[in-house]
2 protein chains.
Amino acid sequence: MKKNEINKIECPVGKALKIIGGKWRLRILNEIGEEKRRFGELKRLIPDISEKMLIQELKTLMEYNLVSKKSYHQIPPKVEYSLTEKGKKVFPVLEQIVIFANVID
Amino acid sequence: MKKNEINKIECPVGKALKIIGGKWRLRILNEIGEEKRRFGELKRLIPDISEKMLIQELKTLMEYNLVSKKSYHQIPPKVEYSLTEKGKKVFPVLEQIVIFANVID
DNA sequence: TTAACTACTTACTAAAAAGTAAGAATTATT
DNA sequence: AATAATTCTTACTTTTTAGTAAGTAGTTAA
């Protein structure tokens with residue numbers, strides 16, 4: 001079996017979940033949305049996340065190139081997170097998830 | 001704060017993830033799709049899941065009323081799992097996840 | 001009488017994910 | 001000289017999730 005066939009073993013759902021699965025990633029992507037969000041702002045928007053998880057997940061999302069970061073070299077520091085073009089591709093997923101959430105009860 | 005406002009605290013994304021989040025649920029729902037699936041069939045379709053997890057997650061999905069089960073009282077036993085009407089409401093989510101999976105790399 | 005079939009169950013262990021709490025960095029302000 | 005501001009980091013613990021491996025049930029076929 002060739003290396004570039006290995007990707008095809010796994011179903012697309014499994015593949016996507018490796019990237020946007022887990023407790024926090026979709027929520028973070030959702031809160032960033034079309035905006036530029038500061039770290040502290042995201043913390044407020046997702047009150048139940050710990051700082052550790054927020055920064056850890058942001059880091060991972062940046063590795064996947066779904067999120068980008070701009071640091072202003074000020075004291076106290078200021079950073080802005082936003083979605084990359086690739087990151088914006090989750091919008092339709094989020095849209096459907098929100099619809100699903102409203103349809104269940 | 002009134003009790004029926006409590007639901008509104010959490011964002012819809014978080015709410016949906018409680019139901020369809022985790023490593024296996026969307027994959028199971030995806031493999032059932034429009035079909036009637038036997039336990040052993042699902043096991044084959046999702047080769048990396050353990051029997052324990054498969055049955056545990058099926059049980060949970062049934063509690064959420066996304067999946068229903070029909071047992072034929074035969075020996076050896078035969079059961080069929082299928083999506084309820086409510087369960088079929090995840091299709092648009094799955095659809096977008098599959099699109100997302102194909103767009104990333 | 002033994003094995004095979006299918007859908008589970010259970011006890012136990014291991015791994016992954018998440019939480020907590022403290023602290024570092026750096027400059028302005030009091 | 002102490003405090004506040006903001007974005008992180010680190011060590012440690014707890015909780016949650018998942019995996020393993022063995023076993024159960026009840027017929028049928030070898």
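Over all chains, the structure holds twelve salt bridges, a salt bridge being a side-chain nitrogen of Lys or Arg within 4 Å of a carboxyl oxygen of Asp or Glu. One of them joins A:Glu34 and A:Lys88, whose closest N and O atoms are 3.9 Å apart. A:Glu34 sits in the loop between H3 and H4 of chain A and A:Lys88 in the loop between S2 and H6 of chain A, so the pair ties together parts that are 54 residues apart in sequence.

This is a predicted model, in which local features need pLDDT of at least 70 and side-chain atom pairs count only at pLDDT 80 or more, while totals for chains, interfaces and linings use all residues. Residues are numbered from 1 along each chain as its sequence is written, chains are lettered from A and ligands numbered from 1 in the order in which they are written, and side-chain values use heavy atoms, with hydrogens and water left out.

**Chain A**

The secondary structure of chain A comes to six helices and two strands. Here helices (H or I, at least four residues) and strands (E, at least two) are DSSP runs, numbered from the N terminus. Along the sequence the pattern reads α-α-α-α-α-β-β-α. Taken along the principal axes, the C-alpha atoms of chain A fill a box of roughly 55 × 40 × 25 Å.

**Chain A against chain B**

A rotation of 180° with 0.0 Å of shift along its axis superposes chain A on chain B, with an RMSD of 0.0 Å. That is the relation of a two-fold axis. The superposition is by least squares on the C-alpha atoms of residues with pLDDT of at least 70 in both copies.

In the interface, 30 residues of chain A are in contact with 30 residues of chain B, where contact means heavy atoms within 4.5 Å. Of the interface residues of chain A, 100% are also interface residues in chain B, so the copies meet through the same surface.

The two chains bury about 2700 Å² between them, 79% of it on carbon and sulfur atoms. Buried area is the accessible area (1.4 Å probe) that two parts lose on being put together, summed over both. Between chain A and chain B the count of salt bridges is zero. Two residue pairs across this interface are in polar contact, both at pLDDT 80 or more. A polar contact is a pair of N or O atoms within 3.5 Å; within protein, one must be able to donate a hydrogen and the other to accept it, and residues adjacent in sequence count only if both atoms are side-chain atoms.

On the side of chain A that touches chain B, the elements giving two or more residues are helix H2 (12-20), helix H3 (25-32) and helix H6 (91-103) of chain A. H6(A) gives the most, with nine residues. By class, this side has 19 nonpolar, four polar and seven charged residues. Ala, Val, Leu, Ile, Met, Phe, Trp, Tyr, Cys and Pro count as nonpolar, Asp, Glu, Lys and Arg as charged, and the others, Gly among them, as polar.

**The DNA strands**

DNA strand D is surrounded by 17 residues, and the closest are A:Glu51, A:Ile55, A:Lys69, A:Tyr81 and B:Lys52. A residue is near a strand if one of its heavy atoms lies within 4 Å of it. Sugar and phosphate account for 66% of the atoms of DNA strand D that come within 4 Å of the protein. Helix H4 (39-45), helix H5 (51-63) and strand S2 (78-83) of chain A, together with helix H5 (51-63) of chain B, each supply at least two residues of the surface near DNA strand D. H5(A) gives the most to that surface, with three residues.

Around DNA strand C there are also 17 residues, of which A:Lys23, A:Lys52, B:Glu51, B:Ile55 and B:Tyr81 come nearest. Of the atoms of DNA strand C within 4 Å of the protein, 69% belong to sugar or phosphate and the rest to bases. H5(B) gives the most to the surface near DNA strand C, with three residues. By class, that surface has nine nonpolar, two polar and six charged residues.

The table lists individual atom pairs between protein and DNA.

| Protein atom | DNA atom | Distance |
|---|---|---|
| A:Arg38, polar side-chain atom | strand D, phosphate oxygen | 3.0 Å |
| A:Gly40, polar backbone atom | strand D, phosphate oxygen | 2.9 Å |
| A:Lys69, polar side-chain atom | strand D, phosphate oxygen | 2.7 Å |
| A:Lys23, polar side-chain atom | strand C, phosphate oxygen | 3.4 Å |
| B:Glu51, side-chain N or O atom | strand C, base nitrogen | 2.4 Å |
| B:Pro77, backbone N or O atom | strand C, sugar or linking oxygen | 3.2 Å |
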